[in-house]
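Reader: Hey, got a minute to walk me through a structure? I'd like to go slowly.

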Amino acid sequence: MSPENNESIEIQEINKLKPVHFADLIRAAQLIFDPARGVSGIYRKVDWQEFGIPDDVTENLQALGQEYQYASPHISPEIIWSKLTPATRIWFFENRNELWQFEEYFPALDED
């Protein structure tokens, strides 16, 4: 087994994190970076603290969302984990089961 696979298993076992949690985190980070989902001419100002995200975590997630703005959310957990600050790791762990809700808060703009 490669060192990357071992690290991935270790992260998931220690933290009870699953690949779906990391995919949800990437989707949330993409929305935190661009709540308007890239629609030209639309800018949404969002107070992320109202969603329970501290400013330092918001900054880390915005950077992650910008980096993976157009990427598939299925990125290797160890790559994502390495880009998270300690505060973001704690927030992620505590909120891992609610991250999917961000897509509900900011539905696609072309949906009825």
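Reader: So how much accessible surface does the chain have, and what share of it belongs to carbon and sulfur atoms?

Author: About 6,900 Å², with 50% belonging to carbon and sulfur atoms. Accessible areas come from the Shrake-Rupley method with a 1.4 Å probe, and for residues only the protein chains shown count as cover. Keep in mind that this is a predicted model: local features need pLDDT of at least 70, side-chain atom pairs count only at pLDDT 80 or more, and totals for chains, interfaces and linings use all residues. Residues are numbered from 1 along each chain as its sequence is written, and side-chain values use heavy atoms, with hydrogens and water left out.

Reader: Cool. How many helices and strands are there?

Author: Six helices and zero strands. Both are DSSP runs numbered from the N terminus: helices are H or I with at least four residues, strands are E with at least two.

Reader: And what share of the residues is buried?

Author: Of the 112 residues, 38% count as buried. Buried means under 20% relative accessible area, exposed over 50%, and partly exposed in between (1.4 Å probe, protein chains only).

Reader: New topic: how many aromatic pairs does it hold?

Author: Seven. One of them joins Phe22 and Phe92, edge-to-face, at 5.1 Å centre to centre with 70° between the planes. The pair links distant parts of the chain, with Phe22 in helix H2 (residues 19-33) and Phe92 in helix H5 (residues 86-95), 70 residues apart. Phe22 and Phe92 are both buried.

Reader: Why is the Phe102 and Tyr105 pair called edge-to-face?

Author: Because the planes of Phe102 and Tyr105 are at 85°, with the ring centres 5.8 Å apart. Rings of Phe, Tyr and Trp (its six-membered ring) pair if their centres lie within 6.5 Å; planes under 30 degrees apart count as stacked, over 60 as edge-to-face and the rest as tilted.

Reader: Where do those two sit along the chain?

Author: In helix H6 (residues 101-105), three residues apart, so about one helical turn separates Phe102 and Tyr105. Phe102 counts as buried because its relative accessibility is 5%, while Tyr105 is partly exposed at 42%. Together with Trp48 and Phe51, Phe102 and Tyr105 form one aromatic cluster.

Reader: What about Ile90, buried or exposed?

Author: Exposed, because its relative accessible area is 52%. Ile90 lies in helix H5. Between Ile90 and Val57 there are 9.5 Å in space, C-alpha to C-alpha, and they are 33 residues apart in sequence.
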